[in-house]
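Please open the model in your viewer with the backbone drawn as a cartoon and side chains available on demand. The tour below moves from one selection to the next.

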Amino acid sequence: MTDNQNLLAEQRRALILDEVRRRGGVRVNELTRRLSVSDMTIRRDLDALARQGMLAKVHGGAVPVVEASTHEPGFEAKSVLEPSAKDEIARAAAALVAPGSAIALSGGTTTYALARHLLDVPDLTVVTNSVRVADVFHEAQPAGGGESRRGAATVVLTGGMRTPSDALVGPVADRAVRSLHFDLLFLGVHGISVEAGLSTPNLAEAETNGCLMRSARRVVVVADHTKWGTVGLSSFAALDEVDTWVTDPGLPESVRAEVVEHLPGLVVAGEEQG
């Protein structure tokens, strides 16, 4: 981590979480020195992260929370995690989209970031089961019901039951997705590993994600490096069912070598592709 007195609270907390995960724990005095902030500021950050269930406080510091495979954080809780990595991933993923394509975006904070980068790609048809993603495109339209801007996306929002992460899932969503076909699916995931493939803690979401994959000609997973090795309750696809994984430079080289043995494409945002 780098010293920076001007970090926003959410950026600082994301850095703290990353340090907790990488090292298995942190001490308050180490964080105050590395982030150049007061002891009280760090303790407030740890309190906030503990309330969200992102870490566990211990005497003098914090340690990771061992989550149950059924634990599903809400959208707001996930949005503070790895924000810069998600934006890098979103930018790289948006470069894969050609004007005039029919694409689908699943629920998730990384697909939400991607939606913002797609606003300037003309004439898209966007299918999504994410209320948040649909809102990005809706809010980009002129206020007061005026004429749509030239090249604005046509957005299809599935119905369904709402999950804690603001995805619409269940039979209604599944039925809508099965009747459609799209060129490219961008899929956010709770966890990704060789053994479990793609997984989520939500059984209904697993089924809807499977429907999205079967309706797409090409599947692109958008997930930061912290998702590697995480396993949710329900697996819905093997790694070899994915065409491309777009991730961030935090993914270790040893993991990258393992990943490319199982799926055709690995794109690391911000790095030149060989």
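**From the sheet to the helix**

In this predicted model, begin by selecting R27, which stands opposite G61 in β3. Widen the selection to both strands, and you will find that β1 and β3 run antiparallel and are joined by two bridges. Adding β2 completes an open sheet of three strands, in which the order is β1-β3-β2 and the pairing is antiparallel. Because β1 (26-27) and β2 are the edge strands, each with a single partner, one side of each is left without a neighbour in the sheet.

Keep the sheet displayed and select α3, which packs on the sheet by touching β2 and β3, its direction making about 130 degrees with that of β2. Now look at the helix by itself: for the 13 residues of α3 (residues 39-51), 1.5 Å a residue predicts a span of 18 Å, and this agrees with the end C-alpha atoms, which are 18 Å apart.

Which residues of α3 are buried? Show the side chains of T41, I42, D45, L46, A48 and L49, which are the buried ones, and turn the view so that you look down the axis of α3; the buried residues fall within an arc of 160 degrees and so line one face of the helix. On the other side of α3, M40 and R51 are exposed.

To see what lies over the buried residues of α3, display α1 (9-23), α2 (28-35), β2 (55-58) and β3 (61-64), which are included in their cover. Finish at G53, which follows α3 and has a positive phi, near 80 degrees.

Key: Residues numbered from 1 in each chain as written. Predicted model: local features only at pLDDT ≥ 70, side-chain atom pairs only at ≥ 80, totals over all residues. Heavy atoms only, no water. Helix = DSSP H or I, 4+ residues; strand = E, 2+ residues; numbered from the N terminus. Expected span 1.5 Å × (residues − 1). Buried < 20%, exposed > 50% of the residue type's maximum accessible area, 1.4 Å probe, protein only. Arc of directions from axis to C-beta. Contact = heavy atoms within 4.5 Å. Pairing = 2+ DSSP bridges. Axes fitted to C-alpha atoms, helices over the stretch in contact; angles between N-to-C directions.
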